[in-house]
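Colleague: Could you walk me through this model, and tell me what lies behind the words you use for it?

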Amino acid sequence: MAKRSLEMFYDVISPYAAVGFHRLARLQPLWKETEITFKPFFLGAVIVKAKGSPNIASPAKRKYMYNDLLLARDHDAIDIGIPKDPVTMILKKGSLHAQRLLTAVDMHQPDMLVDISRQLFFRTWRDDLDITEADSLVEAAMAAGVDKRLAEELVRAASAQDTKDRLKAVSDEALERGAFGAPTFYVNKDTMVFGSDRFELIAHLLDEPYPGMYRSNIQ
């Protein structure tokens with residue numbers, strides 16, 4: 001029987017991608033029959049090309065989102081919070097440089113992708129720190145256990161044309177497969193599932209166990 005597969009397309013600027021990333025990281029050790037692939041893409045381009053708009057651009061959605069994230073934090077006991085100025089962070093500063101770094105990591109040091117992604121999510125949605133400057137990206141990589149020399153090499157690689165081309169290609173792939181936001185999952189290549197609250201359905205599709213999202217149910 002072919003191995004089951006799950007792909008997660010994500011961007012660290014998305015709070016729901018942060019929730020989904022932390023939830024999937026907890027489930028991954030339990031889903032032993034499934035090959036899980038993390039795919040950083042550029043959410044800004046996906047939303048524009050899909051003719052959508054960020055949740056945070058709507059005052060009503062923004063208010064709901066802030067409360068929803070705090071409910072998820074308390075329910076799951078995960079390390080997320082609301083930055084001081086998320087509107088500026090998302091709509092003005094963005095995540096292009098961070099996503100290029102993750103793309104470079106995926107290309108050159110793929111075993112480090114999950115750990116560096118986690119640190120970038122922490123900087124954005126826990127610590128309210130910058131993810132746009134080169135020094136900030138080096139700090140994120142070093143927080144994941146990467147030595148300074150390699151961290152600097154990866155940040156330089158993030159500016160290379162092949163890295164930019166790869167990020168665009170992955171973003172275009174997601175669009176072609178129907179994505180319009182983050183996190184977007186593909187189960188066994190062909191079934192798209194959107195959102196951070198769909199793991200019970202994903203587990204069903206994968207025929208994998210689902211113990212619920214309370215931390216005590218998994219650890």
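Modeller: Happily, and please keep in mind that this is a predicted model. Let's begin with Thr103, which is found in helix α5, residues 96–108.

Colleague: What makes Thr103 buried or exposed?

Modeller: Thr103 has a relative accessible area of 3%. Buried means under 20%, so Thr103 is called buried. Leaving aside residues up to four places away in sequence, Thr103 touches Pro40, Thr163, Arg166 and Leu167.

Colleague: Where do α5 and α9 meet, and how do you know which word fits their angle?

Modeller: Helix α9 covers residues 161–176, and α5 packs with α9 at an angle of about 100 degrees, their axes 9 Å apart. Angles of 65 to 115 degrees count as roughly perpendicular, so α5 is roughly perpendicular to α9. On the α5 side the contact includes Thr103, along with Leu96, Gln99, Arg100, Ala104, Asp106 and Met107. These meet Asp162, Thr163, Lys164, Arg166 and Leu167 in α9. By class, the contact has four nonpolar, three polar and five charged residues.

Colleague: Why are α5 and α6 given the word they have for their angle?

Modeller: α5 and α6 pack at about 165 degrees, with their axes 9 Å apart. Over 145 degrees counts as roughly antiparallel, and therefore α5 and α6 are roughly antiparallel to each other. The crossing of α5 past α6 is right-handed. From α5, the contact is made by Ala98, Leu101, Leu102, Val105 and Asp106, and from α6 by Leu113, Ile116, Ser117 and Leu120. Here the residues divide into seven nonpolar, one polar and one charged.

Colleague: And why are α1 and α6 called oblique?

Modeller: The axes of α1, residues 15–27, and α6, residues 113–125, come within 10 Å and cross at roughly 135 degrees. That angle is not over 145, nor in the 65 to 115 range, nor under 35. α1 and α6 are therefore oblique to each other, and their crossing is left-handed. Pro15, Ala17, Ala18, Phe21, His22 and Ala25 in α1 meet Val114, Ser117, Arg118, Phe121, Phe122 and Trp125 in α6. Nine of the contact residues are nonpolar, two are polar and one is charged.

Colleague: Which residues have the most contacts inside the largest nonpolar core?

Modeller: They are Leu6, Leu24, Trp31, Leu101, Ile116, Leu120 and Ile202, in a core of 63 residues. The largest share of this core, seven residues, comes from α1. Leu24 touches Leu6, Met8, Trp31, Ile36, Phe38, Phe185 and Phe199, not counting residues up to four places away in sequence.

Colleague: What makes Lys189 buried or exposed, and how does the backbone look there?

Modeller: Lys189 is in the loop between β3 and β4. Its relative accessibility is 55%; exposed means over 50%, so Lys189 counts as exposed. Phi of Lys189 is near 75 degrees, a positive value in a residue other than glycine.

Colleague: Why is Ala77 called partly exposed?

Modeller: Ala77 lies in the loop between α3 and α4, with a relative accessible area of 34%. Partly exposed runs between the 20% and 50% limits, so Ala77 is partly exposed. Asp85 is in the loop between α3 and α4 as well, and at 37% Asp85 counts as partly exposed.

Colleague: Which two residues does a cis peptide bond join?

Modeller: Ala182 and Pro183, with omega about 0 degrees. Pro183 is found in the loop between α9 and β3.

Methods:
Residues are numbered from 1 along each chain as its sequence is written. This is a predicted model: local features need pLDDT of at least 70, side-chain atom pairs count only at pLDDT 80 or more; totals for chains, interfaces and linings use all residues. Side-chain values use heavy atoms; hydrogens and water are left out. Axes are lines fitted to C-alpha atoms, for helices over the stretch in contact, and angles run from 0 to 180 degrees between N-to-C directions. Helices (H or I, at least four residues) and strands (E, at least two) are DSSP runs, numbered from the N terminus. A crossing is left-handed if the near helix is turned anticlockwise from the far one by less than a right angle, and right-handed if clockwise. Contact means heavy atoms within 4.5 Å. Ala, Val, Leu, Ile, Met, Phe, Trp, Tyr, Cys and Pro count as nonpolar, Asp, Glu, Lys and Arg as charged, and the others, Gly among them, as polar. Buried means under 20% relative accessible area, exposed over 50%, partly exposed in between (1.4 Å probe, protein chains only). A nonpolar core is a set of buried Ala, Val, Leu, Ile, Met, Phe, Trp, Tyr and Cys residues joined through side-chain atoms within 4.5 Å.
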